[in-house]
Amino acid sequence: QKITYSGSIIFRPKNQFKADDWSMMNDSGADQLFTGIESFDEQVRHHMGKKFNDTDLRWNLEQCLKHNIQVSGTLIVGYPTETEDSIKRSKIWLKENTKYQKILKLSFGGTMMITPGTWLDLHKHELGVENTGHPYWKWTCTKNGSTPAKRVAWLRELRTYANDLGWNVNNDQIENEAILDRIVAPDKATQ
């Protein structure tokens, strides 16, 4: 009997993770992979330091489709460089790539938090990020007008759009809409 396993993977460009590597992964029993896609907007991923473009993303998903390997792709909404245009590009990606619905489960992890001491926190001034309260999702971006309310709206919009297109969306992580409502609620200390 063949042993199967699940594991985490970082998608790489085709020249770094070749078809033979995918075949070996399949032969060794890989049946489910977890990966941080983070955004369907290539420009946002690039700013995050994700080292794969849209062509690379499709290459990896093609290999998963070929070998029937299920993928859980985590997504973050509201990265500081994300804009309304980013959300539109993400929706276009979702619409144009429905053939991957058989193997790709989308896991929206919530809106972007900026934790003290992280790269984003240390570079918040050059990004135009201003903290507006606690906890760490209470920030605005002066360069693109991103606010907690906008980010929650974008998250809900993308999640609904993906569901409407027939994507398998893991809503368990945000099973309670009260969490999203808390993100957009004013801080009690400032009322």
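## A first look at this predicted fold

Phe-52 counts as buried, because its relative accessibility of 4% falls under the 20% limit. The model you are looking at is a predicted one, and this residue is a handy place to begin exploring.

Which other ring does Phe-52 meet, and at what angle of the planes? Phe-52 pairs with Phe-11: the ring centres are 6.2 Å apart and the planes stand at 75°, so the arrangement is edge-to-face. Phe-11 lies in the loop between β1 (5-8) and α1, while Phe-52 belongs to the loop between α2 (42-48) and α3. The pair therefore links distant parts of the chain, 41 residues apart. Phe-11 is buried too, at a relative accessible area of 1%. In total, the structure contains five aromatic pairs.

### How far to trust the picture

The chain has a mean pLDDT of 90, and 94% of its residues reach 70 or more. Confidence varies from element to element: α4 has the highest mean, at 97, and α8 the lowest, at 75. Where pLDDT is low, predicted coordinates should not be read in detail.

### The nonpolar cores

In soluble globular proteins, nonpolar side chains tend to be buried together. Here the largest nonpolar core has 36 residues, and those with the most contacts inside it are Trp-22, Trp-93, Leu-104, Leu-106 and Trp-167. Helices and strands both contribute: the elements giving two or more residues are α1 (19-27), β2 (30-38), α3 (54-66), β3 (70-77), α4 (84-96), β4 (104-111), α7 (148-165) and α8 (177-184). Which of these gives the most to the core? That is α7, with five residues. Another core lies apart from this one; it has nine residues, including Val-44, Met-112, Leu-127 and Trp-139.

Trp-93 is worth a look of its own. Leaving out residues up to four places away in sequence, Trp-93 touches Phe-40, Asp-54, Leu-57, Arg-58, Leu-61, Tyr-100, Leu-104 and Trp-167. Some of these names return in an aromatic cluster, which is formed by Phe-40, Trp-93, Tyr-100 and Trp-167.

### Salt bridges

The structure holds six salt bridges. Three of them are set out here, with the distance between the nitrogen and oxygen atoms.

| Pair | N to O distance |
|---|---|
| Arg-45 and Asp-54 | 2.8 Å |
| Lys-91 and Glu-157 | 2.9 Å |
| Asp-121 and Lys-124 | 3.2 Å |

Are the partners in the first row buried or exposed? Both Arg-45 and Asp-54 are buried. Asp-54 is also among the residues that Trp-93 touches.

In the second row, the salt bridge joins Lys-91 to Glu-157. Lys-91 lies in helix α4 and Glu-157 in helix α7, so this pair ties together parts of the chain that are 66 residues apart in sequence. Lys-91 counts as partly exposed at 21% relative accessibility, and Glu-157 is partly exposed as well, at 30%.

The third row brings back buried partners. Asp-121 counts as buried at 17% relative accessibility, and Lys-124 does so at 16%.

### Charges over rings

Lys-91 has a further contact to follow in the model. Besides its salt bridge with Glu-157, Lys-91 lies over the face of Tyr-161, at 4.9 Å from the ring centre. Elsewhere, the charged end of Lys-14 sits over the ring of Trp-59, 4.9 Å from the centre of that ring.

Trp-59 also appears in a C-alpha distance: its C-alpha atom and that of Lys-18 are separated by 9.6 Å, although the two residues are 41 places apart along the chain. Lys-18 is found in the loop between β1 and α1 and is partly exposed, with a relative accessible area of 46%.

### Two positive phi angles

Which residues other than glycine have a positive phi? Glu-38 and Asn-68 are two such residues. Glu-38 has phi near 70° and lies in strand β2. With a relative accessible area of 13%, Glu-38 is buried. Asn-68 has phi near 55° and is placed in the loop between α3 and β3. Unlike Glu-38, which is buried, Asn-68 is exposed, because its relative accessible area of 54% is over the 50% limit.

Definitions and conventions
Residues numbered from 1 in each chain as written. Predicted model: local features only at pLDDT ≥ 70, side-chain atom pairs only at ≥ 80, totals over all residues. Heavy atoms only, no water. Core = buried A, V, L, I, M, F, W, Y, C linked by side-chain atoms within 4.5 Å. Buried < 20%, exposed > 50% of the residue type's maximum accessible area, 1.4 Å probe, protein only. Helix = DSSP H or I, 4+ residues; strand = E, 2+ residues; numbered from the N terminus. Contact = heavy atoms within 4.5 Å. Phe/Tyr/Trp six-rings, centres within 6.5 Å; stacked < 30°, edge-to-face > 60°. Lys NZ or Arg CZ within 6 Å of the ring centre and 35° of its normal. Salt bridge = Lys/Arg side-chain N within 4 Å of Asp/Glu carboxyl O. pLDDT = per-residue confidence, 0-100.
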